[in-house]
Amino acid sequence: MSPFDRLLSAACAAGLLAAAQSAAAAPPTLFVTDLSRLTGGEYAAAVDINDAGEVIGYHVDAGGNGHPFLYSPVHGLIDFAALASAPAGTFLSVSDINDRGQVVGQWGTQGYLFTPKVGVQFLSDRASEGLQVNEAGEVVVHVQPGLTERWWQDTGTSVPVPMRGLALNERGDVAGYLQTGAGQQAAVWNTEGLRLLDTLPGSADSRANDIADDGTVVGAADFIDADGARHARAFLETATGDVLDLIGPTFNGLAVHSSATAIDAAGRVSGSYWTGEGDTRAFFWQTDAGALDVTSLLDPLADDGWLIHSLGE
């Protein structure tokens, strides 16, 4: 779900993907809304979705200008800049939306929290960006230069987080990575302290991209081969330290890289995998069925591939 995850910068067809489970171990039923057709832009991407089906994202017009939007199943497509009363010409990004309809991102050079019928609160007086918000109004904030804070809406105050935070659960646990002299190591922080994750044995670097309320973390671990090339592998690590390799070095007969980007309350995971030739495809994983290539179910709707940025419950 983090905009800093490198998968999110890859070009993809725009759309909203909702996965609804039928029978156990059966493939998910996919319902697709092509948001790019609603925006009328040259390019569009959905960034996050909440349980009400509200989607935030952006589209790019013919002049190359980006426009954030809010899509509602009830109200349709809404210009988010107008909704937030942003002055014309203001740089405005959207990063996350919770079930209360609160949105975080960057307004000019400052991180913000937008609350419906209330308005905008700024998260720091320094250059910053709001990354993720939970239902309590707690926000993971990136603050320049390279710092992370956890901000509380109730008090308007924040505390420093001793790592690079990428995600936040309802308990206020922050997941991300710690930058060490040896590289990046996936980590979780809360008021009890910092916990470094084991992730996959033999990995050189790792990062946690999302965290469930029970403390289960998903992310990617990098391996370095004999030629010095890096290969990312999606992983899941439970709060008790059990680690799963979600995709492995090969998938559907191909040597692949992979990264898990989101996990929901049921433990279902989404992410992407890609080949050395740059072909990027989406996957969906659940405990009783393993990994499923979502792109194979969507094609030929998408010519450029699909990425899953977020999961609704």
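## Surface charge, aromatic pairs and backbone features

E170 counts as partly exposed, because its relative accessibility is 34%. The model described here is predicted. E170 is placed in the loop that runs between β15 (164–168) and β16 (174–180). Together with D51, D99, D213 and D214, E170 forms a negative surface patch.

The structure also contains five aromatic pairs. In one of them, W107 and F122, the ring centres are 5.8 Å apart and the planes stand at 90°, so the pair is edge-to-face. W107 belongs to strand β8 (residues 103–107) and F122 to strand β10 (residues 119–122), so this pair ties together parts that are 15 residues apart in sequence. W107 counts as buried, at 15% relative accessibility, while F122 counts as partly exposed, at 37%. Both residues are in one aromatic cluster, formed by F80, W107, Y112, F114 and F122.

Most residues other than glycine have a negative phi, and most peptide bonds are trans. Two residues with positive phi are listed below.

| Residue | Phi | Relative accessible area | Loop |
|---|---|---|---|
| S85 | near 60° | 59% (exposed) | between α2 (80–83) and β7 (92–97) |
| K117 | about 65° | 90% (exposed) | between β9 (110–115) and β10 |

Neither S85 nor K117 is a glycine. A cis peptide bond, with omega about 0°, joins Q144 and P145. P145 is found in the loop between β12 (138–143) and β13 (147–152).

Key:
Residues numbered from 1 in each chain as written. Predicted model: local features only at pLDDT ≥ 70, side-chain atom pairs only at ≥ 80, totals over all residues. Heavy atoms only, no water. Patch = residues over 30% accessible without salt bridge, like charges linked within 9 Å, V, L, I, M, F, W, Y side chains within 5 Å. Areas by Shrake-Rupley, 256 points an atom, 1.4 Å probe, with all protein chains shown as cover. Salt bridge = Lys/Arg side-chain N within 4 Å of Asp/Glu carboxyl O. Lys, Arg positive; Asp, Glu negative; His and termini not counted. Charge placed at Lys NZ, Arg CZ, Asp CG, Glu CD. Helix = DSSP H or I, 4+ residues; strand = E, 2+ residues; numbered from the N terminus. Buried < 20%, exposed > 50% of the residue type's maximum accessible area, 1.4 Å probe, protein only. Phe/Tyr/Trp six-rings, centres within 6.5 Å; stacked < 30°, edge-to-face > 60°.
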